[in-house]
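Biologist: Got a minute to walk me through this one? I'd like the overall picture before we get into single residues.

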Amino acid sequence: MPVLSSPGLDMHYAVDDFTDPWRTPETVLMLHGNAESGQAWYGWVPTLARLYRVVRPDMRGFGRSTPMPRDYAWTLDGLIDDFCRLMDRLETPRFHLVGAKIGGTIARAFAARRPERVMTLTVVGTPPPIREGAKERVPELVHAFETEGVEPWARQSMAGRLGSKFPPQGFEWWCKLMGGTAASTQIGFMGTIACADIRADVPKIACPTLVITTDESGLASVEATRAWQRQIPNSTLLVVPGNSYHVAASDPARCAEAALDFIRRHPG
């Protein structure tokens with residue numbers, strides 16, 4: 001994987017481009033969820049990369065990128081700056097943005113705060129703009145990460161993420177992927193980015209936006225999701241049948257096709 005280096009960070013990323021060699025394709029930047037990496041998008045790449053250049057970074061602290069110390073000062077703006085530097089390196093001033101889970105929280109803030117860079121926004125299985133009770137759970141989670149690492153937490157919560165129909169082998173793969181996250185990264189991330197309040201950002205999103213959820217998501221009801229989705233002026237809600245809340249992982253083909261259709265209807 002290529003690497004973007006800056007002080008204190010080597011950020012790994014993948015570029016998938018299977019477009020016709022005589023075309024200059026638009027680019028899709030994909031932001032993964034908590035305790036994941038760019039590998040999380042494996043089910044999306046075949047659909048998107050035939051028509052678009054797909055960029056899949058490992059977010060600061062995750063995947064192959066440099067783990068962050070527990071006292072690292074996490075901010076949404078800092079993460080957005082990381083991704084802007086990456087896209088500057090790739091000479092891509094504007095792009096389509098896709099985010100899943102907490103990556104969707106970062107992506108919403110990104111679209112609101114850097115509107116000149118984002119052509120369309122797709123958020124998939126993402127939390128509400130503020131997660132009630134998240135701050136209160138942080139001390140317990142920090143203790144668990146300090147004593148057990150990340151994988152036990154992933155295993156305890158994975159059934160809700162992936163839903164009742166996900167195959168056991170896939171469950172194990174995701175547990176191992178998430179379990180590889182450094183505890184120091186997770187300790188700092190959970191008390192900051194995972195608790196971020198983006199309520200002020202949501203109404204500022206100006207680009208065409210697609211929101212995807214499931215009808216039995218454990219993150220929020222369809223009605224609660226629709227409430228914040230409607231604050232985005234040019235937005236659409238797609239509800240997929242199922243009880244997973246990481247619908248980007250449980251239904252990658254359905255979600256990728258929906259995103260592809262949406263992006264194609266809103267070219268830069």
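Modeller: Sure, we can start with the whole fold and then zoom in. Keep in mind that this is a predicted model.

Biologist: How many helices and strands are there in the protein?

Modeller: The protein has 10 helices and eight strands. Its C-alpha trace spans about 55 × 45 × 40 Å along the principal axes.

Biologist: And what is the radius of gyration of the protein, set against a compact globule?

Modeller: It comes out at 17 Å, and a compact globule with 268 residues would be near 18 Å, so the two agree.

Biologist: What percentage of the residues is buried?

Modeller: Buried residues are 57% of the 268. As for contacts between residues at least 6 apart in sequence, 77% of them join residues at least 24 apart.

Biologist: What about the surface and the charges?

Modeller: About 11,300 Å² is exposed, with carbon and sulfur atoms supplying 52% of that. There are 29 positive and 29 negative side chains, and the centres of the two sets are 3 Å apart.

Biologist: OK, switching to helix 7. Why is helix 7 described as largely enclosed?

Modeller: Helix 7 covers residues 183-190, and six of its eight residues are buried, so the rest of the structure largely encloses it. The buried ones are Thr185, Gln186, Ile187, Gly188, Phe189 and Met190.

Biologist: Which helices do those buried residues pack against?

Modeller: Helix 2 (76-89), helix 3, helix 4 (134-148) and helix 5 (151-162).

Biologist: Helix 3 has Thr105 in it, right where I was going next. Is Thr105 buried or exposed?

Modeller: Buried: its relative accessible area is 3%, and the cut-off for buried is under 20%, so Thr105 falls well within it. Helix 3 itself runs over residues 102-113.

Biologist: What does the Thr105 side chain make a polar contact with?

Modeller: With the side chain of Arg108, at 3.2 Å. That fits a general point: an α-helix has 3.6 residues a turn, so residues three or four places apart point the same way. Leaving out residues up to four places away in sequence, Thr105 touches Thr126, Pro127 and Ile198.

Biologist: Last one, Ile212. Where does Ile212 sit?

Modeller: Ile212 is in strand 7, residues 209-214. Ile212 is buried too, with a relative accessible area of 1%.

Biologist: What is Ile212 in contact with, past its sequence neighbours?

Modeller: Setting aside residues within four places, the contacts of Ile212 include Thr122, Val123, Val124, Gly125, Leu238 and Val240. Val247, Cys255 and Ala258 are also among them. Separately, the C-alpha atoms of Ile212 and Ala248 are 8.6 Å apart, with the two positions 36 residues apart along the chain.

Key. Residues are numbered from 1 along each chain as its sequence is written. This is a predicted model: local features need pLDDT of at least 70, side-chain atom pairs count only at pLDDT 80 or more; totals for chains, interfaces and linings use all residues. Side-chain values use heavy atoms; hydrogens and water are left out. Helices (H or I, at least four residues) and strands (E, at least two) are DSSP runs, numbered from the N terminus. Buried means under 20% relative accessible area, exposed over 50%, partly exposed in between (1.4 Å probe, protein chains only). A polar contact is a pair of N or O atoms within 3.5 Å; within protein, one must be able to donate a hydrogen and the other to accept it, and residues adjacent in sequence count only if both atoms are side-chain atoms. Contact means heavy atoms within 4.5 Å. The radius of gyration is taken over C-alpha atoms; the globule rule is 2.2 Å times the number of residues to the power 0.38. Accessible areas come from the Shrake-Rupley method with a 1.4 Å probe; for residues, only the protein chains shown count as cover. Lys and Arg count as positive and Asp and Glu as negative; His and the chain ends are not counted. The place of a charge is taken as NZ of Lys, CZ of Arg, CG of Asp or CD of Glu.
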